[in-house]
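User: I'd like to go through some of the labels on this model and see what backs each one up. Can you show it to me?

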Amino acid sequence: MDEKRASGRYYTRGNPFQLEPFQIWAKASNLAQQITLEPFAGAKDIPQLIDAANLRCPDWALFDIEPGAEGVGQRDTLADFPRGFDVCITNPPWLARNSATRRGLPFPKSTRHDDLYKYAIEKCLTHCGWVAAIIPEAFIRSGLFLQRLHDFISLVPQTRDGATQENGKRGTSYMFEDTEHPVGLALFAPHATSDVKVWRNNQLLGGINELRRHLPQPSCNRSIVFNDPNGNLGLIAIDNTVSASIRFCPPEELKDYPIRVHCRSITKIGVPWRVDIDMLNARLAAIREKTHDVFLTAFKGIRRDGHYRRRLDWGLSRAIVDME
Ligand SMILES: C[S@@+](CC[C@H](N)C(=O)[O-])C[C@H]1O[C@@H](n2cnc3c(N)ncnc32)[C@H](O)[C@@H]1O
């Protein structure tokens with residue numbers, strides 16, 4: 001497993017290239033006339049998926065530090081990126097810097113990014129005009145490379161009939177063989193874009209600027225204290241496996257939970273005024289509905305209603321409590 005982690009090697013499964021936004025991107029990038037670069041090609045899954053999505057791509061230039069199939073050239077493309085390609089489609093290596101440190105794995109010294117996939121995207125964007133990359137879903141909350149980001153698709157596992165699943169894991173085809181890590185497909189253009197279209201599979205959720213307008217003003221009111229054992233407001237900050245269940249609650253409901261300093265999922269909050277819990281939950285529900293959860297971190301595991309489980313971070317919780 002660690003060997004796999006060292007080179008960030010999780011192979012792509014499922015076929016996000018059939019989705020409408022990708023098909024539009026493929027036309028705009030003139031894929032049918034290009035030699036396309038896959039700089040982290042592994043076992044050549046991406047060319048096969050492009051074929052299976054009935055897209056024409058006349059030729060590929062394929063590289064990997066550890067080639068997994070014939071026709072893939074051996075090359076450290078992070079250190080020596082191939083030049084002369086306008087279109088790049090890839091699933092770059094993912095490896096968080098802190099995970100590399102913890103496991104004693106090497107991490108490039110030439111970057112300040114906190115994950116290898118960000119460094120890989122930076123390289124692709126420096127050398128190629130059109131870039132499509134399968135990356136963690138969390139990327140859309142990083143604020144990075146937004147200038148050239150045209151579309152971001154949150155890839156939610158689907159049942160064979162194309163609907164997001166309704167009943168647990170049955171019928172699900174996950175994107176990856178070894179992980180259910182939430183993933184997205186980022187589509188970049190050579191020119192600056194005015195807004196980023198955010199999608200959930202084929203469903204357009206909205207432009208990122210428009211979605212952001214439904215967020216409360218950020219708050220830095222430090223008199224709202226998290227993990228306060230005597231707090232007057234409870235918060236269950238992660239969804240259960242069934243539905244969108246994050247909620248504020250009376251602190252008495254959490255009396256059996258020890259409040260731990262590092263706990264990010266269940267907490268008591270000290271608010272120096274009387275709180276209206278129903279009103280806070282109504283605010284939260286409205287924000288979730290209008291932003292389609294784009295700004296809430298997704299984590300491993302799909303809810304029974306077919307969506308990723310989400311976490312509400314302290315920053316957004318504070319802003320909701322502190323809204324006028
Ligand atoms: C997430 S896998 C994706 C493989 C393939 N793109 C796919 O979708 O099936 C990432 C790949 O990046 C390769 N890799 C990691 N570091 C690399 C480097 N410095 N130069 C070239 N390839 C690298 C790994 O060997 C691995 O095959």
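User: What do the buried residues of H8 pack against?

Analyst: They pack against strands S10 (225-226), S11 (233-236), S12 (247-249) and S13 (266-270), plus helix H7 (277-291). Bear in mind that this is a predicted model.

User: What makes H8 count as largely enclosed?

Analyst: Just the tally: H8 covers residues 314-321, and 7 of its 8 residues are buried, so the helix is largely enclosed by the rest of the structure. The buried ones are Trp 314, Leu 316, Ser 317, Arg 318, Ala 319, Ile 320 and Val 321.

User: Which polar contact is found at the start of H8?

Analyst: A side-chain oxygen of Asp 313 comes to within 3.1 Å of the backbone nitrogen of Gly 315. The cut-off for a polar contact is 3.5 Å, so that 3.1 Å pair qualifies.

User: Back to those strands. Why are S10 and S12 called edge strands?

Analyst: The sheet is an open one of 4 strands, ordered S10-S13-S11-S12 with antiparallel pairing. S10 and S12 each have a single partner strand, so one side of each has no neighbour in the sheet.

User: How do you know that S11 and S12 pair?

Analyst: Pairing takes at least two bridges, and 3 bridges join S11 to S12, so they pair. The two run antiparallel, and Leu 235 sits opposite Phe 248 in S12. As for H7, that helix lies across S11 and S12, at about 175 degrees to S12.

User: On to charges. What makes Arg 247 and Glu 253 a salt bridge?

Analyst: Their side chains meet at 2.5 Å, N to O. The limit is 4 Å, so the pair passes. Arg 247 has 32% relative accessibility and Glu 253 has 42%. Partly exposed runs between 20% and 50%, so both residues get that label.

User: And why is Glu 137 called buried while Arg 141 is called partly exposed?

Analyst: The line is drawn at 20%. Glu 137 has a relative accessible area of 4%, so it is buried; Arg 141, at 22%, falls in the partly exposed range. They form a salt bridge, with the closest N and O atoms 3.1 Å apart.

User: Which label does each partner get in the Asp 305 and Arg 303 salt bridge?

Analyst: Arg 303 is at 3% relative accessibility, so it counts as buried. Asp 305 has 25% and counts as partly exposed. Their side chains meet at 3.0 Å, N to O. Both also belong to a network of salt bridges that links them with Asp 239, Arg 288 and Asp 293. The salt-bridge count comes to 9.

User: How do you know that Arg 309 has no salt bridge?

Analyst: Asp 239 is the nearest side chain of opposite charge, and it is 6.5 Å away. A salt bridge needs to be within 4 Å, so Arg 309 ends up buried without one. Its side chain does reach the backbone oxygen of Asp 239, at 2.7 Å. That is within 3.5 Å, so the distance fits a polar contact.

User: Where is Arg 309, and which residues does it touch?

Analyst: Arg 309 is in strand S15 (residues 308-311). Leaving aside residues up to four places away in sequence, its contacts include Ile 238, Asp 239, Asn 240, Thr 297, Phe 299 and Arg 303.

Key:
Residues numbered from 1 in each chain as written. Predicted model: local features only at pLDDT ≥ 70, side-chain atom pairs only at ≥ 80, totals over all residues. Heavy atoms only, no water. Buried < 20%, exposed > 50% of the residue type's maximum accessible area, 1.4 Å probe, protein only. Lys, Arg positive; Asp, Glu negative; His and termini not counted. Polar contact = N/O pair within 3.5 Å; in protein donor to acceptor, adjacent residues only side chain to side chain. Contact = heavy atoms within 4.5 Å. Axes fitted to C-alpha atoms, helices over the stretch in contact; angles between N-to-C directions.
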